Structure formats: structure tokens, C-alpha cells
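Let's take a walk through the hollows and the surface of a protein model. Have the 3D view open as you read.

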Amino acid sequence: MKKGFYYKLAYNGIKKNKKLYTPYILTCIGMVTMFYIVSFLSGSAVLKGMPGGDTMAGILSLGCGVMGVFSFIFLFYTNSFLIRRRKKEFGLYNILGMGKRNLARVLIWEGLIIAVVSLAAGLFVGIVLSKFAELGMVNILQGSVTFSISIEPGAIWQTIALFSIIFVFILCNTLRQIHLSNPIELLHSENTGEKPPKANWVLALAGAIILAGAYYLAVTIEEPMTALLLFFVAVIMVIVATYLLFIAGSVAVCRLLQKKKRYYYKTNHFVSVSSMMYRMKRNGAGLASICILCTMVLVMVSSTVCLYLGAEDSLHSRYPRSINLDSTVSSLSLLSGEQTAQVRAMAEQASLEYGQTVQNVVDYHAAAFAGYVQNGVVALDNAHLYSFRLENYDNVWQVFIVPLEDYNRLMGQSETLAPGQALLYTTKNQTYEQNTVSFGGKESLQIVKTVPDFVDNGVDAMQIVPSMYLFVPDFDKVVTPLMQYTDSREQEVVNLHWIYGFDLNCDNNTQIQIQERLEQQLQEAKLGEEDEYFSILCEGLAKEWTGFYGLYGGLFFLGILLGIVFIFAAVLIMYYKQVSEGYEDQSRFEIMQKVGMTKREIKKSINSQILTVFFLPLVMAGLHLAFAFPLIYKLLALFGLSNIDFLIIVTICCYLVFAVMYILVYRITSRAYYSIVSGARKEAA
């Protein structure tokens, strides 16, 4: 054959089917661009050189994996729309004498053209936009950087390698389908209808039950730890239920509509319901995919936006004072010894050196330990803590025993208690229902009152389990028997802490200098005695700010980026669904026009079908989001975000913005469908 014949055939095939290939190629370019940007940022020297940049780069490295897996699945899936449309053309080539080896050469050239164009254009756009993305990340960390285009060779090779593998797999799958099909099947592939799935009522009922179970889990879970463990279980249940309901449930709904003669035997309803029944199995799967993608976008974007915008509150929950000291000691005598007075003097001296005085001081003692609590008994052997049984995590508490005098001094109260009595305070909206609490089944305290608040120490913000504070009048007497307990590794179960913190009325740089000076003094001082230890962890709000925003900013940036990718995916699925079904319905609407159906009636029928079908995923995604909200709130509470009103406002705003975008996509895709269907005679001529 003439040199370049297969290349020209492939090129002309893409050109003639530009309605199908243009969105696909643009999506491939977008995927390549997004992946390169994430890969570039994860290895950016500018980012890693900034405070908090390492954390952000680590988050983005995880994003590379997510992007790679999703790109593989999504491009593999959307390519099936192209192949379904092209099979008729390939069948015609086959009947005219072109063998399957010749078709394979055409497909190889098509795949090569798409791969080269996608990689070249995607990398070019990615390189141009990567600097803007880097500037955005630097802005999140409140740093500064000069604008200069830079290229990361490692990111380029990683992108080329990944998408080359994806395009090779797509090509192999296409060749497999062509090889296993005979010419007649290829020629009539577009006209092959799909039978409604058998036992659809059973599948629809199963989908409803599974979805109800997922909703029940999301609404009834109270403990954040349980929410974390069951989150992915609920996600899988929702995905399975959504597919069952859209595939089998939609068939059942269509059958019910057919039985309603007043509804079904109307021009617009008759055509739309009949069209949906004809290809309902594939139709339902596509709608379910759109619904799942919409839900993923809404959950991801609303969560990451809430985390980032609420980062300041979370930061202050984790570091409640400008400077926070947590001292761990080996004996009760060290808690009230000269070491604590020495540390206080160091803090005041370090502050005075920079013209500052300590303010809003928090100062108290505590005995801390984690325990499995059941029926008022705290198990101190820790056997349950190392068990992976789900019910154990529901009953794990972080327990703090605090002197009553420290509580009264810090909270401005004058509570009095008898020996053996205690006041109770719990965190994370958890309640302790018992009137007594026993440690190891021996020492017992009577809870006489639950108090509404206590000072934050930052520890609870790090824990995924709730905290229980017990304020007792006889601290040494209660704690001394508990010091004998050890775990399976012969480590002491109970740790003695001295919590000391204070605020500073100065800028961040001065706070960091004061903290570093205090750390130097603590390092030079010998606070521990022979055979005893007095270790201090010093943390500062200003110094930890960059790392904190590196984590939350990385999650926010990645959430927005993945949200855009998932939106691309939903838009492409919607577009291909409309275009492929438009070509399938061409002949049917042409017959309808011949028997007297006007273009106005066609448009009315199309609107009826599209409104019925394409707004179901949006409504269902909103329903998923509403029921998932309690679960999302409990998960975000693990990050220190507890402002539920703020979360509600952000979630509603995200849904409304997404709904507007969805409506715009609906209008564009519906026009594409209508132009194909109504232009049937013109194209045939």
C-alpha cells in the first residue's frame, strides 16, 4: 500500500469524528497537565525549602498516586464510548476487504497520534501552569518567590511513563475487542440493544436496603474513632447501592411509568421512556458513575475547604498558648519540686530578654493514661488497646486526673469535694453515663458533678479518642496506687505531666525567638535527678504555624485539584452519554418526524428525557452529601475542627456552586444531543 496510508486513514478517522475525539483528547491533555503539576509540586525545591513545605510536598506525593490510578481507570472507561461509535466504521472497512491486521495498524496510528498530542500539549500546558500552581502553594504558606518558569525533568519522565502505559493498555483493549468481533457484529454494534437486567426488583430492593444501611451508619455513629474506621465501609456501601439503584431501580421506575397510561401515552413521555428502557442497563451505569463522581467532588471540596478556612481554629486548639510546655516526670515529688519553679523562672527570663511578659498562664499537674472503659471500670492492663476489635475502640478514653485546686485556680471556681469524690469533664461531645469510675477494678471515685469546661492543653486535639478529666481533692492518694500498673512491655501505664503555657503579645518572629531562647535554657539546665527524669516538650504557636498550614494547605490544594479532575470526568461522561445516545436515537427520531412528529415535539421529548435522567445524579449526590454530613463532621473533629455551623455553610455553598456548574454542563450537552437528533436528515443527505 502507499506509504503513509494507515497514518492518513487514522488521521482522517480522528478528524471526521471530531465530535467524539476532541473532548477525549482535551481530557487526556487535562489529565497529563494535572498529573505533571502535582508531580512537579511534590518535588519542588522552592516548596521544600520553605517552612511547612515538606509536609505539603508529602501530601502531594500521595496525590500523585491517586491521580495516576484515577487517570488509568477513567481514560480506560471513557475510551469505550469512542470504540462503540467507531466499531461500525471498522466493520465497514473489514467488509470492504481490510483485514484485522490492517485495522490494527490504523488503531495503532490513532493511539500514537492521541498519545503524542496529549503528552506534548499536556506537558506544555503543565509546565506553563506549574509555576502559577507553585505560586499558589507558596501563597498558602505565606512565603515569597520570584516568577521564573522552571522544568522538573523527573516529573516529565514520570508523566510520560505513566500515560504511555495507560495509552498502551487502552490500545491493547481496543485491539482485543476488534479481534474478537466479526464484521457483522462490528457493523451493527451501535444498533445492539441491551435487555433490562433480570430480577431488577430484587436488585432495586437490595440497593435500597444497602443505601439505607449506609445512611443509618452515617447518622447513628457517635464516636469519631468509629466514624474513621467505618467511613470506607459506608463509602463502598453507597457506591454499590447507587449502581444497583440506577441500573435496576431505574428499570423498575420505567416499567411503572409504562403502566401509567395517562403519563406514558403522551408524545414527549412515550419517546423518552421508551428510549431509556432500550438501553437502561448502560444508561444506569453511566448515571451512577456521574452521581458517584459528583458526590466525591462535593465531599472532597467541602471537607478540604472547611479544613483550610478553619485552620486557624484548629491551630489554636492544638496549641492553645503562644508557648506550650509539657513536662513528663518520673515521680510525684518532681511535680511540686524546685524544677517546676526553675522552668517558670526560665520562661519569664526568656520573655523579658525580648521585652515581653508572660500572660494568660496555664499551670497544672495531671496523671494521664489511656484505658478501655466498660461499666464504670477503666482497664489499666491495656490488653484491649492492642486488640483490633471494633467495639474496643468505642470504649477507649484518654483519662486525665487533675488536682481539684488546679481546676479551681484556672477556672475561677471554689468547688469542694470529700476524699474519694471527683468532678468530671469530657471532650469531643462524648458523655460518661456512670456515677462512679474504678481503675483496674480496685480504686474507685464517685462522680458528684459534670463540669462544662476546662482549659485546653492541646493533647485532646491530637487524640482520635475522647478525653475524660477527673478533678480530685486528694491527687497524690488517688494516683500513687495507679503507678504500679505496667503494660505487656513492662512500661508504666500512667504518665505524670506538668502542663505549663503562656501567651505573648508580640509578632510571630519574636515569639519564635523567645521559644528558641527558652529551648536553649532548658537544654543547658539539668532538671532531672539521679535515677529520675524530668523531660520537657516545648512547642510554640508561631513556630508550628508553617507546618500546620503545610498540612492543611496541601490537603486544600489537592482537594481542589482532584475536585477539578473529577468534574472533568463527570462532564466527559455526560457529554459522551449525550453524543453516543444522540447518534443511536438519530434513526428513531427521523422515523418519528416522517410520521408527523414536529421538531418542537422532539425538543420537548428530549427535554423530558434529559431532565428526568441527568438531574437524578445531582439530586442523589445532594442526598448522599446530606446523610454523610454527620460522618464528615465527626471526621473533621479529629483534625480539631468543631464549628458545625461553619461546616454547614461551606457545604451548602459548595453544593450550590456545583449545582450551577452542573446546570451549565447540562445545557451544553443537551444542545449537542438535540443538534445530532434534529439534524438527522441533513447528515443523511
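## Sorting residues into classes

Before we look inside, here's how residues are sorted: Ala, Val, Leu, Ile, Met, Phe, Trp, Tyr, Cys and Pro count as nonpolar, Asp, Glu, Lys and Arg count as charged, and the others, Gly among them, count as polar. Keep in mind, too, that what you're looking at is a predicted model.

## The largest pocket

Let's put those classes to use. What does the lining of the largest pocket have, by class? It has 38 nonpolar residues and 7 polar ones, with no charged residues. The volume of this pocket is about 1500 Å³, and 45 residues line it. If you want to find its centre, look for F231, F232, M296, V299 and M300, which lie nearest to it.

Several helices share the job of lining this pocket. Those giving two or more residues are α4, α8 (200-220), α9 (224-259), α12 (280-309), α21 (541-594) and α22 (599-637). Which of them gives the largest share? That's α12, with 10 residues.

## The closed-off spaces

Now for the cavities. The structure holds 3 of them at 30 Å³ or more, and the largest has a volume of about 170 Å³. Its lining is made of 13 residues, and N79, G111, I114, I170 and T174 are the ones nearest its centre. Two or more lining residues come from each of α2 (18-42), α4 (53-95), α5 (100-140) and α6 (153-180).

Try the class game again here: the lining of the largest cavity splits into 9 nonpolar residues, 3 polar and 1 charged.

## A nonpolar patch on the surface

Time to step outside. Y7, Y11, W109, L112 and V116 make a nonpolar surface patch of about 480 Å². Both α1 (5-16) and α5 supply at least two of its residues, and α5 gives the most, with 3.

Take V116 as an example. This residue sits in helix α5. Is V116 buried or exposed, or something in between? Its relative accessibility is 49%, so V116 counts as partly exposed; the exposed class starts over 50%.

## A valine tucked away

For a contrast, go to V665 in helix α23 (residues 644-678). Why does V665 count as buried? Because its relative accessibility is 14%, and buried means under 20%.

V665 also has a partner from elsewhere in the chain to look at: V571 is 94 residues apart from V665 along the chain, yet their C-alpha atoms are separated by 6.7 Å.

Key: Residues numbered from 1 in each chain as written. Predicted model: local features only at pLDDT ≥ 70, side-chain atom pairs only at ≥ 80, totals over all residues. Heavy atoms only, no water. 1 Å grid on protein atoms, 1.4 Å probe; cavity = no way out; pocket = protein on both sides within 12 Å on 5 of 7 lines; lining within 4 Å. Points joined across faces, edges and corners; volume = space filled by probe spheres on them. Helix = DSSP H or I, 4+ residues; strand = E, 2+ residues; numbered from the N terminus. Patch = residues over 30% accessible without salt bridge, like charges linked within 9 Å, V, L, I, M, F, W, Y side chains within 5 Å. Areas by Shrake-Rupley, 256 points an atom, 1.4 Å probe, with all protein chains shown as cover. Salt bridge = Lys/Arg side-chain N within 4 Å of Asp/Glu carboxyl O. Buried < 20%, exposed > 50% of the residue type's maximum accessible area, 1.4 Å probe, protein only.
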